[in-house]
Amino acid sequence: MIDARKLTKRYGEKTAVDGLDFVVRPGTVTGFLGPNGAGKSTTMRMIVGLDAPSDGSVTVNGHHYARHQAPLQEVGTLLEAKSVHPGRSAYNHLRALALTHGIPRRRVDEVIDLAGLASVAKQRAGAFSLGMGQRLGIAAALLGDPQTVMLDEPVNGLDPEGVLWIRNLLKTLADEGRTVFVSSHLMSEMALVADHLIIVGRGRLLADTTVADLIREAGGDMVKVASQDPARLRDVLAGPGVDVTGRIGSEELQVTGLTAREIGLKAAEHGIALFELSARTVSLEEAFMDLTKDAVEYHGTTSGIETLGRPA
Amino acid sequence: MSTLTATAEEPRTTPARPAYRVTGRRVLSSEWAKLWSLRSTWITLGLGLLFLVAFGLIAASRYKSGIHTGRMDRDFAASTAVSLSLFGTNFAQLALGVLGVLVTAGEYSTGMIRSTLAAVPRRLPVLWSKAAVFGLVALAVGTVGAFVAFVFGSGIVSGTPAAMGLSHAGVVRSLLGAGLYLGLVGVIGCALGALLRSVAGGISVLVAVLMLIPGLISLLPSSWQDHISPYLPSNAGESMFALTHDATALSPGAGLLVFLGWTALALGGAAYRLARTDA
């Protein structure tokens, strides 16, 4: 359980995190989404006390992170930035962290096996590939058998097998009743694992919703129908929870609240000829882009060469 | 351990979670394990010990050959077995101080500090543990090195005016003082690394404090020098292990106090920055 209240982080003039209010609940995977520079990593750093909030507060399982007797048992964290000394072996890295909490050697071996690092555990972490480094970070996150697992961009640098491993791991952890909080800038990846979504842009909360709701709100169940007699079709389809829109003089109607199948059957029943009937599914990616389009920090541009030539 | 068995015997529906807990002693043992699991520790400590012993022996040999040939440098004329044997302290302090900087600043440059502080979010125990663990290791290396250098160095200069044994008044105090000085230099290195969070910055300040500032002070008017110079970290430290003290130098006890003061100042600054600023 993570509880953020009016969480704010300012760096001079720039506000990286701006009054975030959210709760991450146990038993589900909660995705933390936002474009690059939205404040996801800063928020996660504040949750584990690496950065102090400028305003507001955040607690984990009811207390500030630093107030816990065994922090690693409360929250296991994988941060995006490297957090390992390259000169130390994977085993010694985990062992040093375990020693601070009195976590037994046996548990160190367990997480090494769990993360698939057994064959390289004695090698220097500096020689690890990006994917191996991520696995070591995840092993460290699981070391204290924590109630809450918080991972910043965990699939970065992992091969397809590793990505699949992470997905299953996150689901297993959530099924065990743990709080799982995972950040990503890729909606497609989140859609596969997360039930709940917290979406941020420019440090502000844009949405705190479920995957299903997000699709619905973005008009995901709209059906486009073109018919010979749109006015009569509109009357036929009208009912509670059904919304029909269309321009006057156009054959096309946009219907929400009914499936394409239901519309087709009703039209046939009343003898209205249909020319086109298609369900327009909005992908999560579109819904996400739509939500964050005003909040993207760094826009790509295709007119870079022209701008260069222009006097400032 | 009785509490552990008590909880295990309680009937529970869910498996009992192990009772982990961060304690000062555990943070110490973690820092101990961290120190020895890096190759750079072994190399740098080895170099420190080598500098201390080798330069002491070289100085003793030069003195002896100077006596034999009758061509003695003026710097060497007033030497004792102690001052010759401890000639390497200047070089050993660099190795041990630099390793101290690496112990703390190295965590910032590699990112390890994020793992460390996530495990010990109260932060200050990490600094105290690092300083204690490395300070004691540097003290041990410095003391062993000083005694080894003296035992062999005094053997080389036996039968010359500089000859001296361990039983000679003040010798053991000087050698222990040298070990203590090197241990505290290690602590100051740790503190500077944590204060500046940069390996290059920490080493630069360390070298400036221990080696450059004494030289710069000599540019001041001599009436000022006498008042400032004895209290500089390097000179106060030297008073701790020098066998003889001229009129301006501090006594060994006063030197120790002043040097402890400098160490506390550096540690205090490091603690303030660690507790107050984002990692």
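**A walk through chains A and B**

Let us begin inside chain B, where helix α2(B) passes α8(B) in a right-handed crossing. This is a predicted model, so everything described here is read from predicted coordinates. The two helices, α2 (residues 24-36) and α8 (residues 124-156) of chain B, pack at an angle of about 55°, and their axes are 9 Å apart. Angles between 35 and 65 degrees fall outside the parallel and perpendicular classes, and α2(B) and α8(B) are therefore oblique to each other.

If you would like to find this crossing on screen, look on the α2(B) side for Gly24(B), Val27(B), Leu28(B), Glu31(B), Trp32(B) and Leu35(B). Their partners on α8(B) are Pro125(B), Val126(B), Ser129(B), Lys130(B), Ala132(B), Val133(B), Phe134(B) and Val137(B). Sorted by class, the contact of α2(B) with α8(B) holds 10 nonpolar residues, two polar ones and two charged ones.

Now step back to chain B as a whole. Chain B has 13 helices and zero strands. Its C-alpha trace spans about 90 × 40 × 30 Å along the principal axes. Of its 279 residues, 46% count as buried. Among the contacts in chain B between residues at least 6 apart in sequence, 79% join residues at least 24 apart.

Ile203(B) gives a local view of such a long-range pairing. This residue sits in helix α10 (residues 199-217) of chain B. A residue is buried once 20 or more other C-beta atoms lie within 10 Å of its own, and Ile203(B) counts as buried because it has 21 C-beta neighbours inside that distance. Setting aside neighbours within four places in sequence, Ile203(B) is in contact with Val98(B) and Val101(B). Leu99(B) is 104 residues away along the chain from Ile203(B), yet their C-alpha atoms are separated by 9.3 Å.

Our next stop is helix α7 (residues 112-119) of chain B. Eight of the eight residues of α7(B) are buried, so this helix is largely enclosed by the rest of the structure. They are Met112(B), Ile113(B), Arg114(B), Ser115(B), Thr116(B), Leu117(B), Ala118(B) and Ala119(B). What covers them comes from both chains: the cover includes α2, β5 (75-78), α3 and α5 (130-142) of chain A, together with α6 (89-110) and α8 of chain B.

That cover leads us across to the contact between the chains. Chain A contributes 34 residues and chain B contributes 28 residues. On the side of chain A that touches chain B, α2 (71-74) and α3 (90-101) each supply at least two residues. The largest share of that side, seven residues, comes from α3(A). By class, the side of chain A that touches chain B has 17 nonpolar, 12 polar and five charged residues.

Staying with chain A, the domain assignment gives domain 1 (2-215) and domain 2 (221-280). The C-alpha centres of these two domains of chain A lie 46 Å apart.

Two loop residues of chain A round off the tour. Asn61(A), in the loop between β4 (55-60) and α2 of chain A, has a phi near 50°, a positive value in a residue other than glycine. Asn61(A) counts as partly exposed because it has 17 C-beta neighbours inside 10 Å. Asp145(A) lies in the loop between α5 and β6 (148-152) of chain A, and has a positive phi of about 50° although it is not a glycine. With 16 C-beta neighbours inside 10 Å, Asp145(A) counts as partly exposed.

Technical notes
Residues numbered from 1 in each chain as written. Chains lettered and ligands numbered in written order. Predicted model: local features only at pLDDT ≥ 70, side-chain atom pairs only at ≥ 80, totals over all residues. Contact = placed C-beta atoms within 7 Å. Helix = DSSP H or I, 4+ residues; strand = E, 2+ residues; numbered from the N terminus. Nonpolar A, V, L, I, M, F, W, Y, C, P; charged D, E, K, R; others polar. Axes fitted to C-alpha atoms, helices over the stretch in contact; angles between N-to-C directions. Parallel < 35°, antiparallel > 145°, perpendicular 65-115°, else oblique. Left-handed = near helix turned anticlockwise from the far one by under 90°. Buried ≥ 20, exposed ≤ 12 C-beta atoms within 10 Å, placed from the backbone. Domains from an automatic or database assignment.
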